[in-house]
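Dear colleague,

I am handing over a structure that you have not worked with before. Please look at it first, and then read the notes below, which go through what was found in it.

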Amino acid sequence: MALELGGRILQIVGYQNSGKTELVCSLLAAGSSQNVKMASIKHHGHGGEPDLHQMKDSERHLKSGAFLAAVEGEGLMQLAMKKHEIRLDEIVALYKSLGADVILIEGYKREKYPKLVLIRNEEDLVLLEELQNIAAIAAPFYSEDFTSLDCPYFHIKDHQKICSWFQQNWLFTC
């Protein structure tokens, strides 16, 4: 499943304050503990360019085990690249050229890569209808809406089980 689109790439998606960064940090730690070169890309989804002087989430990603971490928004990427538009596939290609074994993408809901979808509440269930390539779901409750997707469900706070699934499906698939 993880290799369908030419690499070990997993998107972690959900609405703001759904726990994406915390979970990405757990997954980065799980991968780097296995000597896997982990990299992360965060979409600055709050509108506007990211503040280059506040590397909050990308710094957390680095401390959690990423050897390469970037944030992108409005065409500004925190790797000091300025361009009218920076497409996710361009960033992925750059990461691959720099030797990333596994790339975790925080955000970019509408992109094509396999997704771990974080659901905060029942209003967020609309994501399951709108998104493609859902690999797993994490939520604080179980819903009948999950059964039709034929993918694993995890409690959103059970990072240990999510990391185990991630290691089995993304770290050791080559």
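Before anything else, a term is needed: pLDDT is the predictor's confidence in each residue, given from 0 to 100. The model is a predicted one, and the mean pLDDT of the protein chain is 85, with 83% of its residues at 70 or more. Some care is needed with residues 1-6, over which pLDDT stays under 50, although the model has 16 contacts for them beyond four places in sequence.

Turning to the interior, the largest nonpolar core has 25 residues, and among those with the most contacts inside it are Leu 10, Leu 27, Leu 116 and Trp 165. Two or more residues are given to this core by each of β1 (8-13), α1 (20-32), β6 (102-106), β7, β8 (134-139) and α5 (159-171), and the largest share, 6 residues, comes from α5. Leu 116 shows how these parts meet, since residues up to four places away in sequence are not counted and its contacts still include Leu 10, Leu 23, Ile 137, Ile 162 and Trp 165. There is also a second, separate core of 16 residues, which includes Ala 39, Val 92, Ile 105 and Tyr 108.

One further residue deserves a look, namely Asp 124, which is found in the loop between β7 (115-118) and α4 (126-130). Asp 124 counts as buried because its relative accessibility is 2%, where buried means under 20%. Leaving aside residues up to four places away in sequence, Asp 124 touches Tyr 15 and Ile 119.

With best wishes

Technical notes:
Residues numbered from 1 in each chain as written. Predicted model: local features only at pLDDT ≥ 70, side-chain atom pairs only at ≥ 80, totals over all residues. Heavy atoms only, no water. Contact = heavy atoms within 4.5 Å. Helix = DSSP H or I, 4+ residues; strand = E, 2+ residues; numbered from the N terminus. Buried < 20%, exposed > 50% of the residue type's maximum accessible area, 1.4 Å probe, protein only. Core = buried A, V, L, I, M, F, W, Y, C linked by side-chain atoms within 4.5 Å.
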